[in-house]
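Here's a quick tour for anyone meeting this structure for the first time. Have a look at it before reading on.

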Amino acid sequence: MVRVQWSPPEHYKWPPRSGSAIASQFVGFFLDAYDLTFVTAMTTILAAVLMPPNPV
């Protein structure tokens with residue numbers, strides 16, 4: 001049987017600027033999700049405006 005030796009808690013500390021990196025990732029994700037949701041909700045309107053009424 002293999003024994004697991006845990007390292008001290010200092011090993012699990014995050015780097016100093018990791019909080020701002022995580023916050024910026026969340027902001028980027030929510031902006032991307034908003035953009036995708038907005039364009040998806042507007043597809044019927046965009047199709048009526050941009051597509052010809054009787055395509056050949």
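What follows goes from the overall picture to a surface patch and then to some aromatic rings.

## The big picture

First things first: this is a predicted model. The protein has 56 residues, and just 2% of them count as buried. Its secondary structure is easy to take in, with 2 helices and 0 strands.

How much surface does the protein expose? It comes to about 5,900 Å², and 70% of that is supplied by carbon and sulfur atoms.

## A nonpolar patch

Part of that surface is a nonpolar patch of about 850 Å². The residues that make it are Tyr-34, Phe-38, Val-39, Ile-45, Leu-46, Val-49, Leu-50 and Met-51. Two elements each give two or more residues to the patch: helix H1, which covers 18-41, and helix H2, which covers 43-50. Which of them has the largest share? That would be H2, with 4 residues.

Let's pick out one member, Ile-45, which sits in helix H2. Its relative accessibility is 47%, so Ile-45 counts as partly exposed, because the exposed class only begins over 50%.

## Rings that pair up

Now for the aromatic side chains, where the count comes to 3 pairs. One of them joins Phe-26 and Phe-30, and this pair is stacked: the ring centres are 6.4 Å apart, with 20° between the planes. Both residues belong to helix H1, where they are 4 residues apart, or about one turn of the helix.

Phe-30 has another partner as well, Phe-29. Why is that pair called edge-to-face? The planes of the two rings stand at 65°, and an angle over 60 degrees gets that label. The centres of these rings are 5.4 Å apart.

Put the ring pairs together and you get a cluster that links Phe-26, Phe-29 and Phe-30. Are Phe-29 and Phe-30 buried or exposed? Both are exposed. For Phe-30, the relative accessible area is 53%, and over 50% is what it takes to be called exposed.

Notes: Residues are numbered from 1 along each chain as its sequence is written. This is a predicted model: local features need pLDDT of at least 70, side-chain atom pairs count only at pLDDT 80 or more; totals for chains, interfaces and linings use all residues. Side-chain values use heavy atoms; hydrogens and water are left out. Buried means under 20% relative accessible area, exposed over 50%, partly exposed in between (1.4 Å probe, protein chains only). Accessible areas come from the Shrake-Rupley method with a 1.4 Å probe; for residues, only the protein chains shown count as cover. Patches are made of residues with over 30% relative accessible area and no salt bridge: like charges are joined within 9 Å, nonpolar side chains (Val, Leu, Ile, Met, Phe, Trp, Tyr) within 5 Å. A salt bridge is a side-chain nitrogen of Lys or Arg within 4 Å of a carboxyl oxygen of Asp or Glu. Rings of Phe, Tyr and Trp (its six-membered ring) pair if their centres lie within 6.5 Å; planes under 30 degrees apart count as stacked, over 60 as edge-to-face and the rest as tilted.
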